[in-house]
Amino acid sequence: MKKVFVFLFAMTATTVSFAQYKGGHSDGPDKMNVIKINPLGLLFGSANVSFERVLNEKSSLQVDVAFGGLSVGGVKYTNLGAGLDYKYYVSNSKSAPEGFYVQPGVGFYSVKVKDPTETVTGSGFTIKGIVGNQWVWNSGFSLDLFGGVNYYAGGKIKGNNGVEYTKFSGALPALGVSLGYAF
């Protein structure tokens with residue numbers, strides 16, 4: 001898992017350091033970065049934070065981090081995940097980070113469920129396909145509405161005795177609303 005975080009950090013640092021596009025919207029200030037949260041994740045015990053960096057007029061890279069936990073009836077659930085997405089802005093009238101986009105991405109996740117008698121852990125990789133629209137106002141406020149599919153691959157679920165119970169692979173819907181600040 002350390003390798004995933006090192007890779008994501010290196011990609012972000014490289015993007016921030018070497019991107020040549022200076023941005024530009026004829027109707028407002030240049031916005032090259034967007035930091036945002038997905039408040040819907042908090043309903044399910046997972047904080048989702050994203051950092052988007054504009055690469056050029058039509059594209060950007062986004063780093064996603066998810067973490068959290070939830071306790072219900074003596075059962076404790078914790079999660080950790082990270083991902084890297086490429087966003088391509090299709091709109092002709094706007095430039096990144098505004099407008100309609102398509103967003104493929106990859107990620108890693110790890111979960112742990114603990115009850116009084118057993119601890120079960122799981123981890124794996126995700127591949128996703130998202131479409132959405134992001135609005136950025138001159139004040140810097142941003143709103144991102146998106147939906148698509150997450151495909152979970154290679155998930156393993158193991159108990160504290162080391163026995164592998166099952167593997168999980170399959171597609172689940174991905175829906176979200178992110179609120180943020182562009183600068």
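Buried residues are those with under 20% relative accessible area, exposed residues those with over 50%, and partly exposed residues those in between. The legends below apply these terms to a predicted model.

**Figure 1. Overall fold of the predicted model.** The protein contains two helices and eight strands. Along the sequence, these elements follow the pattern α-β-α-β-β-β-β-β-β-β. Of the 183 residues in the protein, 38% are buried.

**Figure 2. Lysine 36 and glutamate 52, a salt bridge between strand 1 and strand 2.** Lysine 36 has a relative accessibility of 2%, under the 20% limit, and therefore counts as buried. Its side chain meets that of glutamate 52 in a salt bridge, with an N to O distance of 2.9 Å. Because lysine 36 belongs to strand 1 (residues 33–37) and glutamate 52 to strand 2 (residues 46–56), the pair ties together parts that are 16 residues apart in sequence. Glutamate 52 is likewise buried, its relative accessible area being 0%.

**Figure 3. Glutamate 52 and lysine 87, a salt bridge between strand 2 and strand 4.** The side chain of glutamate 52 also meets that of lysine 87 in a salt bridge, here at 3.2 Å from N to O. This pair links distant parts of the chain, with glutamate 52 in strand 2 and lysine 87 in strand 4, 35 residues apart. Lysine 87 has 0% relative accessibility and so counts as buried.

**Figure 4. Aspartate 64 and lysine 128, with the wider set of salt bridges.** The side chains of aspartate 64 and lysine 128 form a salt bridge with an N to O distance of 3.4 Å. Aspartate 64 is in strand 3 (residues 59–72) and lysine 128 is in strand 6, so this contact ties together parts that are 64 residues apart in sequence. With a relative accessibility of 13%, aspartate 64 counts as buried. Elsewhere, Lys36, Glu52, Lys87 and Asp144 are joined into one network by salt bridges that share partners. The structure holds six salt bridges.

**Figure 5. The largest pocket and its lining.** The space in the largest pocket amounts to about 1300 Å³. It is lined by 49 residues, of which Ser46, Asn48, Ala66, Asn150 and Tyr152 are the closest to the centre. Strand 5 (residues 99–114) supplies eight residues, the largest share of the lining. Sorted by class, the lining comprises 24 nonpolar, 19 polar and six charged residues.

**Figure 6. Tyrosine 152 in strand 7.** Tyrosine 152 lies in strand 7 (residues 141–159) and is among the lining residues closest to the centre of the largest pocket. Its relative accessibility is 19%; because the limit for a buried residue is under 20%, tyrosine 152 counts as buried. Glycine 124 is 28 residues away from tyrosine 152 in sequence, and their C-alpha atoms are 7.0 Å apart in space.

**Figure 7. A nonpolar surface patch that includes tryptophan 135.** Ile37, Trp135, Trp137, Phe141, Leu145 and Leu179 make a nonpolar surface patch of about 540 Å². One of these residues, tryptophan 135, is located in strand 6 (residues 119–136). Tryptophan 135 has a relative accessible area of 35%, which places it in the partly exposed class.

**Figure 8. The cis peptide bond before proline 97.** The peptide bond that runs from alanine 96 to proline 97 is cis, with omega near 10°. Proline 97 is found in the loop between strand 4 (75–89) and strand 5.

**Figure 9. Serine 123 in strand 6 and serine 178 in strand 8.** Serine 123 is part of strand 6 and is partly exposed, with a relative accessible area of 29%. The C-alpha atom of serine 123 is separated by 9.4 Å from that of leucine 80, a residue 43 positions away along the chain. Serine 178 belongs to strand 8 (residues 164–182); at 6% relative accessibility, serine 178 counts as buried. Serine 178 and lysine 36 are 142 residues apart in sequence, yet their C-alpha atoms are 5.9 Å apart in space.

Technical notes
Residues numbered from 1 in each chain as written. Predicted model: local features only at pLDDT ≥ 70, side-chain atom pairs only at ≥ 80, totals over all residues. Heavy atoms only, no water. 1 Å grid on protein atoms, 1.4 Å probe; cavity = no way out; pocket = protein on both sides within 12 Å on 5 of 7 lines; lining within 4 Å. Points joined across faces, edges and corners; volume = space filled by probe spheres on them. Helix = DSSP H or I, 4+ residues; strand = E, 2+ residues; numbered from the N terminus. Nonpolar A, V, L, I, M, F, W, Y, C, P; charged D, E, K, R; others polar. Patch = residues over 30% accessible without salt bridge, like charges linked within 9 Å, V, L, I, M, F, W, Y side chains within 5 Å. Areas by Shrake-Rupley, 256 points an atom, 1.4 Å probe, with all protein chains shown as cover. Salt bridge = Lys/Arg side-chain N within 4 Å of Asp/Glu carboxyl O. Buried < 20%, exposed > 50% of the residue type's maximum accessible area, 1.4 Å probe, protein only.
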